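Hi,

Here is the model I promised to pass on. Have a look at it first, and then read my notes underneath.

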Amino acid sequence: LVITGISGNASEQIKNIIRCRNLEQNIILTGYIDNATKIALYKNCEMFLYSSIFEGFGMPPVEAMILGKTVITTKCTSLPEVTQGKAEYVEDPQNIDEWIKKIKESTGKENEKVKLFDASLYSGERLAIKYLDIFNEVFS
């Protein structure tokens, strides 16, 4: 298990849990990573877990799906919308048993839904046009 992007108090709490459960040999905490490392991790992962309970937009699941990876995430905030309903979802992000069940169900099987993911919805050109449309509407 590779966990990225966590720092501060959360990092110390996670480190303590890992030590208490003797999982140091099974879990890597990277802290924040650069884009090249992030893409390499996406490309080489079995699946991408995104346990967010508060999200502005949710690009990491989209990035993983664009690279054809199975994503398991929460039904919180915008995540089902930005993943176009094509990820696997847990109802309760705090329920460890639900995460384990979703991971087991998804392990080793190809996610057909990911193949149908329309990454063009998030192309720079499309987003720029949408923003311009909004600006024109607001300022006209």
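Below are my notes on the pockets, the cavity, the sheet and the salt bridges.

Some housekeeping first: this is a predicted model, so local features need pLDDT of at least 70 and side-chain atom pairs count only at pLDDT 80 or more, while totals for chains, interfaces and linings use all residues. Residues are numbered from 1 along each chain as its sequence is written, and side-chain values use heavy atoms, with hydrogens and water left out.

**Pockets**

A word on terms, since you'll want the cut-offs. Everything is done on a 1 Å grid over the protein atoms alone: a pocket is an open set of points with protein on both sides within 12 Å along at least five of seven lines, a cavity is a set of points where a 1.4 Å probe fits but cannot get out, and lining residues have an atom within 4 Å of a point. Grid points are joined across faces, edges and corners, and a volume is the space filled by probe spheres set on the points. Helices (H or I, at least four residues) and strands (E, at least two) are DSSP runs, numbered from the N terminus.

The largest pocket comes out at about 1900 Å³. It has 39 lining residues, and the closest to its centre are Leu 1, Ile 3, Ile 6, Leu 49 and Ser 51. Two or more lining residues come from each of strand 1 (2–4), helix 1 (8–20), helix 2 (35–44), strand 3 (47–50), helix 3 (59–66) and helix 5 (96–106). Helix 1 gives the most, with five residues. By class, the lining has 27 nonpolar, eight polar and four charged residues. For the classes, Ala, Val, Leu, Ile, Met, Phe, Trp, Tyr, Cys and Pro count as nonpolar, Asp, Glu, Lys and Arg as charged, and the others, Gly among them, as polar.

The second largest pocket holds about 260 Å³ of space. Its lining includes Phe 57, Glu 81, Val 82, Arg 126 and Lys 130. Helix 4 (79–82) and helix 7 (124–139) each supply at least two of the lining residues, and helix 7 has the largest share, with five. Here the split is seven nonpolar, no polar and three charged.

**Cavity**

There is one cavity of 30 Å³ or more, and its volume is about 30 Å³. It is lined by Ile 3, Thr 4, Gly 5, Ile 6, Ser 11, Leu 29, Thr 30 and Gly 31. Strand 1 and strand 2 (28–31) each give at least two of these residues, with strand 2 giving the most, at three. The lining divides into three nonpolar, five polar and no charged residues.

**Sheet**

There's an open sheet of three strands in the order 3-4-5, with parallel pairing. Two strands pair if DSSP finds at least two bridges between them. Strand 3 and strand 5 (88–90) sit at the edges with a single partner strand each, so one side of each has no neighbour in the sheet. The twist averages 20° from one strand to the next (axes are lines fitted to C-alpha atoms, for helices over the stretch in contact, and angles run from 0 to 180 degrees between N-to-C directions). Three bridges join strand 4 (residues 70–74) to strand 5, and Ile 72 stands opposite Glu 88.

**Salt bridges**

I count a salt bridge when a side-chain nitrogen of Lys or Arg is within 4 Å of a carboxyl oxygen of Asp or Glu. The structure holds five. For burial, under 20% relative accessible area means buried, over 50% exposed, and in between partly exposed (1.4 Å probe, protein chains only).

- Glu 63 and Lys 38 meet at 3.3 Å, N to O. The pair links helix 3 to helix 2, 25 residues apart. Glu 63 is partly exposed at 23%, and Lys 38 is partly exposed at 22%.
- Glu 88 and Lys 102 have their closest N and O atoms 3.9 Å apart. Glu 88 is in strand 5 and Lys 102 in helix 5, so the pair ties together parts 14 residues apart in sequence. Glu 88 is buried at 14%, and Lys 102 is buried at 19%.
- Glu 105 and Lys 101 have their closest N and O atoms 3.9 Å apart. They are four residues apart in helix 5, which means a separation of about one helical turn. Glu 105 is partly exposed at 37%, whereas Lys 101 is exposed at 53%.

Cheers
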